[in-house]
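Let's take a walk through a model together, starting at its surface and then turning inward. Please have the sequence and the 3D view open side by side.

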Amino acid sequence: MKKSFAMAMAMALGISTSAFAANPFSDVPAGHWAYAAVAKLAASGVVDGYPDGTFKGSRTMTRYEMAQIVAKALARGAIGADDKLVSEFSDELDNLGVRVARLEKNADNVKITGAVRLSYRDSSGGAVATKDEKPSDKSRSRLRTDLFFTGEVNADWHYVVMLRNQQFFQGQNENGEDDTDFQRAFLTGNIGVAKVTAGRYQENINDGNTYNTRVDGIKTQIPFGDAYFKAEYGKMANTSDYTQKWGDQETGRNALADKFWLTELGGTWGNFDLFANYMKVDNDIALGLNNRDNTIWAAGATYHTGKFSLGAMYLKGDDDTLKGAVDMKGHDASNYDDDGYVVKMSWGGAKRAVPGSWGLLAQYYDQSAPTIVSHAMNGDIEYTRFIGEGFKGYRAGGDLTLAKNMIAEVYYYDLKGKETDEHLRTLWSQLIVTF
């Protein structure tokens, strides 16, 4: 293999042969036909030449020398790990320390992962209903598939996209109709020690007791010692979940709230996780709060020991959001509570990589409407239940890893209106398959 192959190599690597670069090799003069290609390859670090300053382009290359060129081309991204040159010189590349695992990492810049969830919810034990709904007609089966595409920008940054398909098998779409949404697209990475996320991403605020769905925003979290500081700004963006109706009245809006900002301090000290935060929410209409600005304070602590954990959280909203609000029975909600608390106790937990692992959980809620924007609850509260008042009650259940990457969950919810004692019971079950 002659070194005159350098011209073809330069063209294959996308290196312009007309570009000027200083030539370090004494045996390739400026008038040589391969001068530009050799000079550019040398400037790019693909070829080194010999210690005496010559290129020796007329001699035959060894396979090892050619493998060195291929390795350098890989390192600068000029060729991929699936290139035929990599396959041809695989043994030599291995000897050079260019391992297969690293090649696969370079080639696999986009990873695809996913989760399939088959769930069943039965709320027939409840007595809360809207004017156009029967309390006994509250069951729903759904198959939800989420696909995540994670692209590596560089060692510190990634771009993530998520597509969701949902198929409903009861109620309005009992024939199995489905919908597919482009739900998330965000950039995440580090600037120094700060973790930054920007775009449309999933957000979980106050363990999901205040908010648990998508936002269009930007957030950063900065660690210092055992503590952290988090700041976030954006818009609550989940229109597919936010369209709501109670009684015969449409809200006429696409979202339960508009812009928001949040600051939070927290950390782990010994067996305790502690946090405190403040959130400002514009135009909050969740649970009938009349399109008012809302502020929510929260503080909590969780104690861990072995598999056992016990946590408590206090939340307080702005009572001005209740002015003019009404509850499910049409009563004035202006004097209802604007605060609340949540207590949670758990043991163990199903781990998807460990078949047979399991966990138990019990949680008690006492939350007023101003402390909730979009709850993580799988009980059937949605936004046509407990308007103006919030709810209280409990959930209990557990999860079990049936096989690797297959987890079953079962939870029972028993909830009442915080002020009116309207009742709603829900049995929730789900099979989660991840890949």
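What follows looks at a surface patch, two cores and a pair of loop residues.

First, some ground rules: this is a predicted model, in which local features need pLDDT of at least 70 and side-chain atom pairs count only at pLDDT 80 or more, while totals for chains, interfaces and linings use all residues. Residues are numbered from 1 along each chain as its sequence is written, and side-chain values use heavy atoms, with hydrogens and water left out.

Let's begin on the outside. A nonpolar patch on the surface is formed by Leu310, Tyr314, Tyr341, Val343, Met345, Tyr364, Tyr394, Val410, Tyr412 and Leu427, which together have about 850 Å² of accessible area. Strands S13 (308-316), S14 (339-348) and S17 (406-417) are the elements that give two or more residues to this patch, and S14 gives the most, with 3 residues. Here a patch joins nonpolar side chains (Val, Leu, Ile, Met, Phe, Trp, Tyr) within 5 Å, or like charges within 9 Å, from residues with over 30% relative accessible area and no salt bridge; a salt bridge is a side-chain nitrogen of Lys or Arg within 4 Å of a carboxyl oxygen of Asp or Glu. Areas come from the Shrake-Rupley method with a 1.4 Å probe, and for residues only the protein chains shown count as cover. Strands are DSSP runs (E, at least two residues) numbered from the N terminus.

Within the patch, Tyr314 lies in S13. Tyr314 counts as partly exposed because its relative accessibility is 41%, with buried meaning under 20%, exposed over 50%, and partly exposed in between.

Now turn inward. In soluble globular proteins, nonpolar side chains tend to be buried together. The largest nonpolar core (buried Ala, Val, Leu, Ile, Met, Phe, Trp, Tyr and Cys residues joined through side-chain atoms within 4.5 Å) has 24 residues, of which Tyr365, Met377, Phe391, Tyr413 and Leu415 touch the most other members. S13, S15 (358-367), S17 and S18 (423-434) each give two or more residues to this core, and the largest share, 3 residues, comes from S17. A second, separate core of 17 residues includes Phe186, Val215, Ala286 and Val373.

Finally, which residue in the loop between S11 (272-284) and S12 (292-305) deserves a look? It is Asn291, which has a positive phi of about 60° although it is not a glycine. Asn405, in the loop between S16 (391-403) and S17, has a positive phi of about 65° and is not a glycine either. Most residues other than glycine have a negative phi.

How values were computed: Helices (H or I, at least four residues) and strands (E, at least two) are DSSP runs, numbered from the N terminus. Buried means under 20% relative accessible area, exposed over 50%, partly exposed in between (1.4 Å probe, protein chains only).
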